[in-house]
Amino acid sequence: MPAYIHHDGIEPGFVLCPSCVGLPMFVRDVEPHWNQAKIDFTYECADCGAEVRQTVVKPELPH
């Protein structure tokens, strides 16, 4: 992920592996969308190698 992109207020959640016995997964890849309103996180299990993709939407700021 480029260092110049700031994602204020967006943090990846804690994801557990669906195929293991609830082992935590780590973030393998982060892909911001072109307008930076959404970010795709790809999680990977260190034990079995399963992948989970999660899209996080930036919350709207009140005007």
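# A tour of a three-stranded sheet

Read from the N terminus to the C terminus, the protein has the pattern β-β-β. It contains three strands and zero helices. The model is predicted. Colour it by pLDDT to begin: the mean for the protein is 76, and 76% of its residues reach 70 or more. Of the elements, strand E2 (residues 38-44) has the highest mean pLDDT, 88, and strand E3 (residues 51-57) the lowest, 85.

**The sheet as a whole**

Select the three strands together and show them as a cartoon. They make an open sheet with the order E1-E2-E3 and antiparallel pairing. E1 and E3 are the edge strands; each has a single partner strand, so one side of each lacks a neighbour in the sheet. On average, neighbouring strands here are turned by 25° against each other, direction ignored.

Now colour the protein by accessibility. Of its 63 residues, 24% count as buried. Where does E2 stand in this respect? Five of its seven residues are buried, so E2 is largely enclosed by the rest of the structure.

**First hairpin: E1 and E2**

Select residues 26-32, which are strand E1, along with E2. The two strands pair in the antiparallel sense over six bridges. Start with Phe 26, whose bridge partner in E2 is Glu 44. Then pick Asp 29, which has Thr 42 in E2 as its bridge partner.

Move to the turn. E1 and E2 form a hairpin with five residues between them. Stop at Gln 36 in this turn, where phi is positive, at about 60°.

**Second hairpin: E2 and E3**

Keep E2 selected and add residues 51-57. E2 and E3 run antiparallel and are joined by seven bridges. For one position across this pair, select Tyr 43, which stands opposite Val 52 in E3.

This hairpin has six residues between its strands. In its turn, select Gly 49: phi is positive here too, at about 85°.

**Charged pairs on the sheet**

Next, show the side chains of Arg, Lys, Asp and Glu. How many salt bridges are there? The count comes to four. Three stops follow.

Begin at Arg 28 and Glu 44. They form a salt bridge in which the closest N and O atoms are 3.2 Å apart. Arg 28 is in strand E1 and Glu 44 in strand E2, so this pair ties together parts 16 residues apart in sequence. Arg 28 has 40% relative accessibility and therefore counts as partly exposed.

Leave Arg 28 selected and add Glu 51. These two also form a salt bridge, with closest N and O atoms 3.1 Å apart. Glu 51 lies in strand E3 and Arg 28 in strand E1, so the pair ties together parts that are 23 residues apart in sequence. Glu 51 is partly exposed as well, at 49% relative accessibility.

Then select Glu 31 and Arg 53. Their side chains meet in a salt bridge at 3.3 Å, N to O. Here the link runs between distant parts of the chain, from Glu 31 in strand E1 to Arg 53 in strand E3, 22 residues apart. Glu 31 is partly exposed, with a relative accessible area of 33%. Going back to the earlier stops, Arg 28, Glu 44 and Glu 51 are joined into one network by salt bridges that share partners.

**The cysteines**

Show the cysteine side chains and look at the sulfur atoms. A search of the whole structure finds zero disulfides. Select Cys 45: it is in no disulfide, and the nearest cysteine sulfur, that of Cys 17, is 3.6 Å away. Buried or exposed? Cys 45 is buried, with a relative accessible area of 3%.

Go on to Cys 48. This residue is in no disulfide either, and its nearest cysteine sulfur belongs to Cys 20, 3.6 Å away. Cys 48 is partly exposed, at a relative accessible area of 42%. Both distances, 3.6 Å for Cys 45 to Cys 17 and 3.6 Å for Cys 48 to Cys 20, lie outside the 2.5 Å cut-off for a disulfide.

**Last view: contacts**

To finish, display the contacts over the whole chain. Among those in the protein with a separation of 6 or more, 31% come from residues 24 or more positions apart.

Technical notes: Residues numbered from 1 in each chain as written. Predicted model: local features only at pLDDT ≥ 70, side-chain atom pairs only at ≥ 80, totals over all residues. Heavy atoms only, no water. pLDDT = per-residue confidence, 0-100. Helix = DSSP H or I, 4+ residues; strand = E, 2+ residues; numbered from the N terminus. Buried < 20%, exposed > 50% of the residue type's maximum accessible area, 1.4 Å probe, protein only. Pairing = 2+ DSSP bridges. Axes fitted to C-alpha atoms, helices over the stretch in contact; angles between N-to-C directions. Contact = heavy atoms within 4.5 Å.
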